[in-house]
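Student: I should like to learn how the terms used for a protein model are justified. May we go through them one at a time?

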Amino acid sequence: MVARADSSASIPGSAEELPVVVIVGRPNVGKSTLFNAITGTRRSIVGDEPGITRDRIQSEASYLGRRFELIDTGGIIQNDADLIPSQILKQAKVALERASQVIFLIDGRTEITGADRDLAKMLRRLGKPVTLAVNKVDTVARENLAHEFHALGFNDLFPISAEHRMGLDDLLAHVTRDFREARAAAETAARVIKVAIIGRPNVGKSTLLNALAGSERSIVSPIPGTTRDAVDERIVRHGAQFVFVDTAGIRRKGKTKLMAEKLSVVMARRHIRMANVVLLVIDAEDGVVGADATIAGYAHEEGRAVILCVNKWDLRGEKGKRKFAESLRDELKFLEYAPVAFISAKTGAGVKGLFRLIEKGYESASKRVTTGELNRFVETLEPVRDTKIYYMTQASVRPPAFVVFAGEGRNLHFSTERYLVNQLRKRFGFEGTPIVIKARRR
C-alpha cells in the first residue's frame, strides 16, 4: 500500500504540524520517481537528464493513516563551485533542518561513488534518523547485492524500485513507524487560494515568490530557466491561506529543445489549469513582447483570474506608469479585466498589495448571481441588434459562466457578447476574471 498525496498541506505554525520526510541523494538516482511513487502524483518532473530537479518540491502524503510532509530535493554534489549546484545544496540543507526522517537514496546499479560517501558523511553529522534506500533493485540478484551498501555506515537499509513501486511498503512502514495516525474526523478546511506565478524565463518569478513568502524559498540566479519544477509555498496571511506555485519560464515551442524544459512547459500549463488566480510577470525593462501575449493567452483560455505584475519597476523610476499601462492594454486587449500592479520583487515594493488583488480576483471568479437578480438585470438592457434576450442564468463559477436564452440561433454576435460582458461587470463587478457567455435558443 503506497502512500497517497493529500490535497491539503501542513501549515507552519498551525495546530497540527506534520512530520517531515526528506529525500536526498546525488543527481539521477531516482529521487523524483520515488517522490511521485510515494505521493501517487506526477508533482516532480522525471527524466533521464541528471539534475532536472533543482528546487525542493513538497507535498503532503499518508501511509496507513499516518500523514507526513514529503520533500524532494535537487541532486546534491558537495563542494561543487557552480552556482546552481551550490544553490541546490543550500535548498536541501533548509529542508534537512526540518526533517523528522531522511531517506538517503542511492543507485543500486552502480558502485558506491565519492559523491555518495560525501553525502553520507554530511548526513551522519546532521544527527537525524537516516534510512538508506537502494533504488533500481528490480531483480533478486540485485537485491542480494544491495546489502553491500551497508558500507556507507547506515543500519536501516531497504532495497526498492521506485519505478516499479517495489519495496515501498517496507520502506514507508519503517520511516513512518513513529508518526501519529490522523484523526478520524478532519476539521473543516479553510479556504485555500491557489496562485500560479507565470511568465517568460528570467522575468523575476522566483524572486517574486521569495518576496511573497518572505524567505529564500526558490532558487534565484541570473541564469535564465533556473526553475524547472513548479515550486510551491503555503502562506497564511490575515487568516487567509494562499498556495503560490512558481512555474518554470515558458518558452515558445521552437525555443524549447531539452526534454526537461519541454516537460516544464507542460507542467507550467497544468499548474495554470489548477490555479484559481494567475500572476503574469512582465519585465518592465523589456515591455510587452510576443511571448508575454502567448503566455497570457494560456491563462485566459483556461478561464483563470489574472493579475498583470509589471516587475523591476524600480529600475524605471516612478514616472510613466499610465503610459506603460496603456501600452499593456493595447498589446493584451483580451485581458482588459486584469488589474495592473507595478512592483519590484527585488526590493519588495508593491508586493504586499498583491495579496488584496489576489483575494479580490478569487472572490470575483467565485461570485454567484441569482437567477432573480439576472432577470432584473436583463430588463435593464438596451435592445441588441441581432436577437432578443429573454432571460439569463449563471451556470458555473471560476470562471463565471452565464447561459443566455435568446430568440435566434445558438451563437450571439461578438458585439452582443461583449456588450453583455461589459454590462455584467458594470452591474456585478467581476474584476480580474474572464466571463463566459453561452447562448441557447429559448
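The dialogue below sets values from this predicted model against the definitions behind the terms.

Student: Why is the bond between R398 and P399 singled out?

Tutor: The peptide bond from R398 to P399 is cis, with omega near 5 degrees. Most peptide bonds are trans. P399 itself is placed in the loop between β14 (389-396) and β15 (401-406).

Student: What makes the phi of N28 worth a remark?

Tutor: N28 is not a glycine, and yet its phi is positive, at about 65 degrees. Most residues other than glycine have a negative phi. N28 belongs to the loop between β2 (20-24) and α1 (31-39).

Student: Why is N28 called partly exposed?

Tutor: The relative accessibility of N28 is 36%. Partly exposed is the class between the limit for buried, under 20%, and the limit for exposed, over 50%. N28 therefore counts as partly exposed.

Student: What can be said of the phi of K312, and where is this residue found?

Tutor: K312, a residue other than glycine, has a positive phi near 65 degrees. K312 sits in the loop between β12 (305-311) and α9 (321-331). Its relative accessible area is 21%, and because buried requires a value under 20%, K312 is classed as partly exposed.

Student: How do you know that K136 and D107 form a salt bridge?

Tutor: The closest N and O atoms of K136 and D107 are 3.2 Å apart. The definition asks for a side-chain nitrogen of Lys or Arg within 4 Å of a carboxyl oxygen of Asp or Glu, so the pair qualifies.

Student: Why is this pair said to tie parts of the chain together?

Tutor: K136 is in the loop between β6 (130-135) and α4 (140-146), whereas D107 is in strand β5 (residues 101-107), so the bridge joins parts that are 29 residues apart in sequence.

Student: Which of the two partners is buried, and which is partly exposed?

Tutor: D107 has a relative accessible area of 8%, which is under 20%, so D107 is buried. K136 has 22% and is therefore partly exposed.

Student: What makes E302 and R273 a salt bridge?

Tutor: Their closest N and O atoms are 3.8 Å apart, and the limit is 4 Å, so the pair is counted. The bridge links distant parts of the chain, with E302 in the loop between α8 (290-301) and β12 and R273 in helix α7 (residues 259-274).

Student: How far apart in sequence are K360 and E431, and what joins them?

Tutor: A salt bridge joins K360 and E431, with closest N and O atoms 3.0 Å apart. K360 is in helix α10 (residues 353-366) and E431 is in the loop between α12 and β16 (436-441), 71 residues apart.

Student: How many salt bridges does the whole structure contain?

Tutor: A search of the whole structure finds 9 salt bridges.

Student: Why is R425 not given a salt bridge?

Tutor: The nearest side chain of opposite charge, that of E336, is 4.4 Å away from R425. A salt bridge must be within 4 Å, so R425 has none, although R425 is buried. R425 lies in helix α12 (residues 414-428).

Student: What makes E336 a contact of R425 all the same?

Tutor: Contact is defined by heavy atoms within 4.5 Å, so E336 is in contact with R425 without forming a salt bridge. Beyond its neighbours within four places in sequence, the contacts of R425 also include Y337, F430 and T433.

How values were computed:
Residues numbered from 1 in each chain as written. Predicted model: local features only at pLDDT ≥ 70, side-chain atom pairs only at ≥ 80, totals over all residues. Heavy atoms only, no water. Helix = DSSP H or I, 4+ residues; strand = E, 2+ residues; numbered from the N terminus. Buried < 20%, exposed > 50% of the residue type's maximum accessible area, 1.4 Å probe, protein only. Lys, Arg positive; Asp, Glu negative; His and termini not counted.
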